[in-house]
Amino acid sequence: MRIVIAGAGAVGTHLAKLLSAENQDIVLMDADKEKLNFAGGNMEMMTMAGSCTSLKDLVEVEVQEADFFIAVTPDESVNVTACLLATNLGAKKTFARIDNYEYLLPKNKEFFLKLGVDSMVYPEMLAAKEIVSALKRPWARQWVELCDGNIILTGIKIRENSVLVNQHLYELGRQEKRFHIVAIKRNNITIIPTGNDQILSGDILFFTTTKDYVEELPKLTGKARFEVKNIMIMGGSRIAIRTCQYLPDNVNIKLLELDKEKSYQLLERLPKNVTVFHNDGRSADFLLQEGINDVDAFVAVTGNSEANILACMAAKRFGVRKTVAEVENMDYMQMAENLDIGSIINKKLITVSNIYRFLLSEDVSNVKSLTIANADVAEIVARPNSIVTKKEVKKIVLPKNVTLGGLIRNGEPMMIDGDTLIEPYDHVVVFCLEDSLREAEKLFH
């Protein structure tokens, strides 16, 4: 498959790295030659310094032969224009990163389709939705709804008081099959466990379960459930604005913005339940003055990863139970996780996950990259005569780093165990580590 990616920023390079590992024919183009020098190192791909809105440059990268053209430059208008040109030159499918929510409205999608833009992604909107999800279920590190919300994948940190501590997985297998532990993250390493693996305090367990039983997990993992009513948000970014708009009206939100002019502009754009303060969220005196001790959740979404991490650490010290940090610097992801600051949001990974789903076959209806686990979870339809339908799960040789978490059959959710026989047209939840999703996909065709 030939894929042309325009924009060698963080999203473009991360996507190119992911796809080049699968031996796809990748061309990465950017007007800035320096970005390409950095991006091309240690990756099997072609690079080209050129403009994605230049017909000459697009012809030079042979966009007419492209199965996919993906425009992820920082400029929305450049991305839309580039997709329009690529389509008219012969690219089969196009994808644009955008900044305008209106473009995604159903009434406008057909308009863009006619122009030549097949699909679009608005990263800030996706990030805001993840933050709202994290605040809705403060006991979870990660929350993914699959199969129309009938199967849930959630990552939860295990406390010392959990009944699961020191138990082996085979012991849990004797109980009623209400959940399936698909992965354990311990000391920065995520593994797909066997029955002999033991659960330890401090592990992050990734569960698949049905919506009927998901509310049992907080108690099981030693977590106290609580409602988030008072929220403090640091940074008046587009993610912050969208988060405030998506949160319910009955929550009390205090938003801190360091730029005075911007804080006045925010007043005009935010709902009535938001109070805007012109101040630094890292100031301990200010936080105490504004009642940090009474805050249920603290969200840091400035453009600075270090500032976000430090602010969440400070909030934790003041006793805030739930913190969410936007960490865009990939080098800091592991450190942020080790500091136990709660949920981590990475706009780049969210965007790449969304684009990656666009590139997979039509049988893969949902894909989510898990920020804290270097893993993907996908919903794949089992085709008649595919490998997974031939025998029970325990007799199928799954690829390394792949496990099956649950399925939907005739609208009914169920967990998978070794005796499960997958039937044609089952929607199966597949958990994959380290970019092994395409390998897993072959089992279902």
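# Around strand β8

Trainee: How many bridges join β8 to strand β11?
Mentor: This is a predicted model, so take what follows as computed from it. β11 covers residues 204-210, and β8 and β11 run antiparallel. The number of bridges joining the two is 7.

Trainee: Which residue in β11 is the bridge partner of leucine 153?
Mentor: Stay with that antiparallel pair, β8 and β11. Look across from leucine 153 into β11, and the bridge partner there is threonine 208.

Trainee: And β7, which residue in β8 does its glutamine 142 stand opposite?
Mentor: β7 is residues 142-146, and 5 bridges join β7 to β8, again in an antiparallel arrangement. Glutamine 142 belongs to that strand. Opposite glutamine 142 in β8 stands glycine 155.

Trainee: Which residue in the turn of that hairpin has a positive phi?
Mentor: β7 and β8 form the hairpin, with 4 residues between them. Look in that turn for a phi of about 50 degrees, and you land on cysteine 147.

Trainee: Is strand β8 largely enclosed or exposed?
Mentor: In a regular strand, side chains alternate between the two faces of the sheet. For β8, Ile151, Leu153, Gly155 and Lys157 lie on one side, Ile152, Thr154 and Ile156 lie on the other, and all are buried. That's 7 of the 7 residues in 151-157, so the rest of the structure leaves β8 largely enclosed.

Trainee: Let's switch to aspartate 426: does it count as buried or exposed?
Mentor: Aspartate 426 is in the loop between β21 (412-415) and β22 (427-433). Its contacts, leaving out residues up to four places away in sequence, are Ile380, Val381, Ala382, Leu407, Ile408 and Arg409. Its relative accessibility is 2%, and buried means under 20%, so aspartate 426 counts as buried.

Trainee: Zooming out, what radius of gyration does the protein have?
Mentor: There are 15 helices and 22 strands to fit in, and the C-alpha trace spans about 65 × 65 × 40 Å along its principal axes. With 445 residues, a compact globule would come in near 22 Å. The protein agrees with that, having a radius of gyration of 23 Å.

Trainee: What percentage of contacts between residues at least 6 apart in sequence join residues at least 24 apart?
Mentor: For context, buried residues make up 57% of the 445. Now take the contacts between residues at least 6 apart in sequence, and the share joining residues at least 24 apart is 61%.

Methods. Residues are numbered from 1 along each chain as its sequence is written. This is a predicted model: local features need pLDDT of at least 70, side-chain atom pairs count only at pLDDT 80 or more; totals for chains, interfaces and linings use all residues. Side-chain values use heavy atoms; hydrogens and water are left out. Buried means under 20% relative accessible area, exposed over 50%, partly exposed in between (1.4 Å probe, protein chains only). Two strands pair if DSSP finds at least two bridges between them. The radius of gyration is taken over C-alpha atoms; the globule rule is 2.2 Å times the number of residues to the power 0.38. Contact means heavy atoms within 4.5 Å.
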